[in-house]
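The following exercises concern strand pairing, helix packing, pockets and charged pairs. Each task is followed by a worked solution.

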Amino acid sequence: MQEWNVVINVNKRGFRKALEVLHRFGSIKGTDFFNVLLMKAEDVKQMLEVLRETGLKDPESLSFLSRLIPVTHTFIFSSPEEFENKAKEVVLSWLPQLAGKGFYVRMRRRGQKGKLASLQEEQFLDNILLEALGKVGTPGHITFDNPDMIIAVETVGNWAGLSLWTKEDLERYPFIKLD
């Protein structure tokens, strides 16, 4: 599987339209998972802004998209322990942004059934962050009601991608759906 920085979920019969609309932003590959594509976008910020403008002009033009999640950190893992160690390292790098904020971790798992459990991994990372924030004197809190930030964890087979989103980001880019 290629390097990637965007996970795309398309709606029923949206595969062809996704390729048609999104190919200009980078290389796209199908996956072994139904209606899931991976992209290596050349300029994620530009892609987000173009898609935003396109959606504002014609909301139906993005109807092929179920969700589009850019990620800032990717890694390959071969075991749940390796996943947790690498994911922990990434989320701890976001402590300054999470200081004193309400947040939660949302994981979408594709593959690794019976090896990784989304809810368990979300809680593991939430607890790691809460403990670390408390230790540095800037406690945060888990909230699902209007959080300041959401951490997205996307797995596709033995690949993981993580990103941190503010509520302003999610309002600006409605096709990034984390719930």
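**Exercise 1.** Determine how many bridges join E2 to E3, and in which sense these strands run.

*Solution.* Step 1: E2 and E3 run antiparallel and are joined by five bridges; strands here are DSSP runs of E with at least two residues, helices are runs of H or I with at least four residues, and both are numbered from the N terminus. Two strands count as paired if DSSP finds at least two bridges between them. Step 2: within this pairing, Gly-26 has Ala-41 in E3 as its bridge partner. Step 3: the hairpin of E2 and E3 has five residues between the strands, and Asn-35 there takes a positive phi near 60 degrees.

The model is predicted, with local features requiring pLDDT of at least 70 and side-chain atom pairs counting only at pLDDT 80 or more, while totals for chains, interfaces and linings use all residues. Residues are numbered from 1 along each chain as its sequence is written, and side-chain values use heavy atoms, with hydrogens and water left out.

**Exercise 2.** Place E2 and E3 in their sheet, and state which helices pack on that sheet.

*Solution.* Step 1: the strand order is E2-E3-E1-E4, an open sheet of four strands with antiparallel pairing. Step 2: strand E2 (26-30) and strand E4 (65-70) are the edges, each pairing on one side only. Step 3: from one strand to the next, the twist averages 20 degrees. Step 4: strand E1 (residues 6-10) is joined to E4 by five bridges in the antiparallel sense, and Val-7 has Ile-69 in E4 as its bridge partner. Step 5: helix H1 (residues 15-22) packs on the sheet and touches E1, E2, strand E3 (36-41) and E4, contact meaning heavy atoms within 4.5 Å. The direction of H1 makes about 165 degrees with that of E2; axes are lines fitted to C-alpha atoms, for helices over the stretch in contact, and angles run from 0 to 180 degrees between N-to-C directions. Step 6: helix H2 (residues 44-57) touches E1, E3 and E4, with its direction at about 150 degrees to that of E4.

**Exercise 3.** Describe the sheet that contains E5 and E7.

*Solution.* Step 1: five strands form an open sheet with mixed pairing, in the order E5-E9-E8-E6-E7. Step 2: its edges are strand E5 (73-76) and strand E7 (141-142). Step 3: strand E8 (residues 149-156) pairs with strand E9 (residues 159-166) over eight bridges in the antiparallel sense, and Met-149 has Thr-166 in E9 as its bridge partner. Step 4: helix H3 (residues 80-92) packs on this sheet, touching E5, strand E6 (102-110), E8 and E9.

**Exercise 4.** How many salt bridges are there, and with which residue does Lys-17 form one?

*Solution.* Step 1: the criterion is a side-chain nitrogen of Lys or Arg within 4 Å of a carboxyl oxygen of Asp or Glu. Step 2: this rule gives 10 salt bridges. Step 3: Lys-17 forms one with Glu-20, their closest N and O atoms being 3.4 Å apart. Step 4: both residues lie in helix H1, three residues apart, about one turn of the helix.

**Exercise 5.** Locate Ser-118 and identify the residues it touches.

*Solution.* Step 1: Ser-118 is found in helix H5 (residues 118-135). Step 2: not counting residues up to four places away in sequence, Ser-118 touches Met-107 and Arg-109. Step 3: Phe-64 is 54 residues from Ser-118 along the chain, and their C-alpha atoms are separated by 26 Å.
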